[in-house]
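This briefing is a guided reading of one protein chain, written for someone meeting such a structure early in their studies. Please keep the sequence and the 3D view open, and find each residue as it is named.

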Amino acid sequence: MEYWKEKGLDITGLYMLDGSGRSHNDTVSPRQLAEVLIKMTTSPVFPTFYNSLPLAGISGTMHKWLVGSVGAGRVRAKTGSIGGVRSYAGYVKSLTGKNLIFTLLINNYNCRTKILKERVEDFMLGMVKL
């Protein structure tokens with residue numbers, strides 16, 4: 001937390017109990033995640049960080065996302081889940097050449113995860129088409 005505070009991140013409400021992100025006691029806002037992604041774009045390690053993120057339709061936890069769509073290969077994102085929570089954060093290269101950053105945290109959803117995934121994919125495709 002001190003590292004990000006020194007980098008200018010507003011850490012109000014940020015709490016990392018164990019650093020894994022898999023504790024119900026961990027708290028982070030979508031804005032804080034977006035600020036981290038923004039700050040990473042100016043880091044000398046950005047290319048390595050960026051390339052480490054799973055690529056939609058191709059690798060990691062995103063390999064089954066946006067398959068066969070214009071979004072495949074255009075969304076790099078980290079996914080996360082813990083009881084009743086799904087999170088997605090990353091970068092999008094739009095069809096018009098825009099570089100976008102997004103964070104999406106979904107709490108206490110009440111639909112099947114398949115439906116949630118379809119809705120999140122629609123959201124991602126919307127960004128790709130900007």
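In helix α2, the buried residues are Q32, A34, E35, V36, L37 and M40, and the elements that cover them include α1 (2-6), α3, β2 and β3. The model is a predicted one, and the points below move from this helix to the nonpolar cores, then to a pocket, and finally to some loop residues.

**Helix α2 and its surroundings**

- An α-helix has 3.6 residues a turn, so residues three or four places apart point the same way.
- M40 belongs to helix α2, which covers residues 30-40, and M40 counts as buried because its relative accessibility is 12%, and buried means under 20%.
- Which residues does M40 touch, once its neighbours within four places in sequence are left aside? The contacts of M40 are with W4, V45, F46, F49 and Y91.
- W4, one of those partners, lies in helix α1, and, with neighbours within four places again left aside, W4 is in contact with L9, V36, K39 and M40.
- Although W4 and E35 are 31 residues apart along the chain, their C-alpha atoms are separated by 9.8 Å.
- M40 and T113, in turn, are 73 residues apart in sequence, and the C-alpha to C-alpha distance between M40 and T113 is 30 Å.

**The nonpolar cores**

- The largest nonpolar core has 17 residues, and V75, F102 and M124 are the ones with the most contacts inside it.
- At least two residues of this core come from each of β1, β2, β3 (99-107) and α4, and α4 gives the most, with 6 residues.
- A second, separate core has 11 residues, among them V36, M40, F46 and Y50.
- V75, one of the residues with the most contacts inside the largest core, is in contact with P54, L55, A56, M62, L66, Y91, V92, F102, M124 and V128, if neighbours within four places in sequence are not considered.

**The second largest pocket and T79**

- The second largest pocket has a volume of about 160 Å³, and the residues that line it are W65, T79, G80, S81, R86, Y88, T113, K114, L116 and K117.
- Which element supplies the largest share of the lining of this pocket? The largest share comes from α4, with 4 residues, while β1, β2 (85-93) and α4 (113-128) each supply at least two residues.
- In chemical character, the lining residues divide into 3 nonpolar, 4 polar and 3 charged.
- T79, which is among the lining residues, is placed in strand β1, and T79 counts as buried because its relative accessibility is 17%, and buried means under 20%.
- The side chain of T79 makes a polar contact with the side chain of T61, at 3.1 Å, and, not counting residues up to four places away in sequence, T79 touches T61, M62, S87 and Y88.

**Residues in the loops**

- K64 is placed in the loop between α3 (46-52) and β1 (75-82), and K64 counts as exposed because its relative accessibility is 58%, and exposed means over 50%.
- Not counting residues up to four places away in sequence, K64 touches K117 and E121, and K117 is also one of the residues that line the second largest pocket.
- The C-alpha atoms of K64 and F102 are separated by 19 Å, and the two residues are 38 apart along the chain.
- Most residues other than glycine have a negative phi.
- L66 is not a glycine, yet its phi is positive, near 60°, and this residue is placed in the loop between α3 and β1.
- Is L66 buried or exposed? L66 counts as buried, because its relative accessibility is 2%, and L66 is also one of the contacts of V75.
- N108 likewise has a positive phi, of about 55°, although it is not a glycine, and N108 is found in the loop between β3 and α4.
- N108 counts as exposed because its relative accessible area is 69%, and exposed means over 50%.

Definitions and conventions:
Residues numbered from 1 in each chain as written. Predicted model: local features only at pLDDT ≥ 70, side-chain atom pairs only at ≥ 80, totals over all residues. Heavy atoms only, no water. Buried < 20%, exposed > 50% of the residue type's maximum accessible area, 1.4 Å probe, protein only. Contact = heavy atoms within 4.5 Å. Polar contact = N/O pair within 3.5 Å; in protein donor to acceptor, adjacent residues only side chain to side chain. 1 Å grid on protein atoms, 1.4 Å probe; cavity = no way out; pocket = protein on both sides within 12 Å on 5 of 7 lines; lining within 4 Å. Points joined across faces, edges and corners; volume = space filled by probe spheres on them. Nonpolar A, V, L, I, M, F, W, Y, C, P; charged D, E, K, R; others polar. Core = buried A, V, L, I, M, F, W, Y, C linked by side-chain atoms within 4.5 Å.
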